[in-house]
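Colleague: I have the model open and would like to go through a pocket and the sheet. Can we start with the pocket?

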Amino acid sequence: MTPPFSYRPVLIADGVRASAQRSPDKVALSLREHALTYRELVERMNRVSNLALHGLGLAPGDHAALMAPNCLEFIEIVAGLASVGVPPAMVNPRLTAPELAYIANDAGARALFVHESLEELARDADLKTVERTVVIGAGYEDLLSAAATSAPAVPLAEWDPFCISYTSGTTGNPKGVLLSHRSRSLVFYGMAVEYGCYSPEDRALAVAPLYHGGGFAFAMAPIFFGGTCEILPRFDPEELLRVIAEVAITNAFMVPTHFNAVFGLGDRVVARADTSSLRTIISNAAPLPQATKVRIVEWLGDGILHETYGSTEGGIITNLRPQDQLRKEQCVGQPFPCTEVRLLDDDGEEVPAGEVGEVFNRSPYLFNGYWGLPEATAQAFRDGWLSVGDLARKDDEGHLYIVDRKNDMILTGGVNVYPREIEEVLHEHPAVAEAAVVGVPDDYWGEAVKAVVALRSGRQATSEDIIDFCRHDLAGFKLPKSVDFVGALPRNAAGKVLRRELRDAAQARQ
């Protein structure tokens, strides 16, 4: 079918460009004393695009990689690369050199943009496909200054990927999630409808890491619609409260660990904080305990808190609105705009209200598939409906309650951690005969990573030995917080480790 003559694709940077035409001298992004107006942001996005094409020799369809903490440059690099069909793989800046190498090589990244604070780590990585490394700092600014400011005319389809967001799979290897311009741009419109806080007058606070799918979306949406986004370079609860007051922040995206850290400052500090400008807080990435919800509502008031459930692959799936936070306990709400949700049993039949089924959803927000993994992509879908393996039940009002995960993913501090990846490292320890990793409840992190280890006969090791051994190959958030030693791991008749027994035993010992 030929599109009508008036057709224009929906692209991730379109909203920013339109906002620049309307209010070119308005601040789009700020970080402490540094700021970019819309005019400056679009100019720098264009320079990144031209740098990619003419300075780095990249072509539409090539891939890049980006590894940086929260910084002003992050969004211009993603938008600039995506505008010429070069989706970047977004790399967690807390990863080790081997972990960076795996992602960059898997994505086939021809160029790596890396923050100057991580340059040495990047130099230590075995990057097989990267031909050019651009260090975000003085060298990056020199390259930008030499690039043209006009927007290159590169034809793109709205279903082309704008980035590759890496998330671990049940096998332990990170999988590249292909996110299209269309999927994330339409999510922004859904967010504007559901949360009502993305007008040109709104001021957002980007607290979560920008490499994270949610962190990027909740930083990009405000400037897509012409508002202002203040970026925190790193999370600090006292800094967060200070910025909310000084900048008069109207909305923020936070994960449960952020709330725990804020409340950890003490009742007196929290009570003194000026949060009068806040209209909307969205929580996501891990279940928000009901006791924490009650405390947030008591602190901020009744009409502010939303709890959202979603996935990198599926975007936002459900939302629990402010009026239901205390009425619907341990609930993640109803389907997001333009989203359908079904709970299916193992035979593919929809389960009745009150019964547990696997969550399947379909919407315009779904990903394009896993990069280079057609079988994994096919396994995630059933007749066009996506599942990431979560189990839930619905009540008679259609509200969703997540009850468990079919896989063994651990959510610690709002970040996905998969046991197999850690277990592979543990098994390389000379004293370890077998090992399993489970998540256990933790008041601060939501879930904490626990290793359960059986030692080889005649060998000895302490918890500290095991954890220290993992530090070389694993980022800090993946390290076990504790280690239990057992004679042997419990297994079923087929030899599969019984993780639930390990979790139950670990919780019983807490």
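Colleague: Which helices each supply at least two residues of the lining of the second largest pocket?
Modeller: Helix 3 (72–82) and helix 10 (256–263) do. Bear in mind that this is a predicted model.

Colleague: Which helix gives the most to that lining?
Modeller: Helix 3, with 3 residues.

Colleague: How much space lies in the second largest pocket?
Modeller: About 840 Å³. It is lined by 39 residues, and those closest to its centre are N70, P209, P233, R234 and F235.

Colleague: What is the lining like by class?
Modeller: It has 20 nonpolar residues, 11 polar ones and 8 charged ones.

Colleague: On to the sheet. What is the strand order?
Modeller: The order is 2-1-10-9-11-12-13-14-15, in an open sheet of 9 strands with mixed pairing.

Colleague: Why is one side of strand 2 and of strand 15 left without a neighbour in the sheet?
Modeller: Because strand 2 (34–37) and strand 15 (334–335) stand at the edges, and each has a single partner strand.

Colleague: In what sense do strands 9 and 10 pair?
Modeller: Parallel, over 4 bridges, between residues 203–206 of strand 9 and residues 228–231 of strand 10. One bridge joins A204 to C229 in strand 10.

Colleague: And what does helix 8 touch where it packs on the sheet?
Modeller: Helix 8 (residues 213–224) touches strands 1, 9, 10, 11, 12 and 14. Its direction makes about 145 degrees with that of strand 10.

Colleague: Which strands does helix 2 touch?
Modeller: Helix 2 (residues 38–55) packs on the sheet against strand 1 (27–31) and strand 2, with its direction at about 85 degrees to that of strand 2.

How values were computed
Residues numbered from 1 in each chain as written. Predicted model: local features only at pLDDT ≥ 70, side-chain atom pairs only at ≥ 80, totals over all residues. Heavy atoms only, no water. 1 Å grid on protein atoms, 1.4 Å probe; cavity = no way out; pocket = protein on both sides within 12 Å on 5 of 7 lines; lining within 4 Å. Points joined across faces, edges and corners; volume = space filled by probe spheres on them. Nonpolar A, V, L, I, M, F, W, Y, C, P; charged D, E, K, R; others polar. Pairing = 2+ DSSP bridges. Contact = heavy atoms within 4.5 Å. Axes fitted to C-alpha atoms, helices over the stretch in contact; angles between N-to-C directions.
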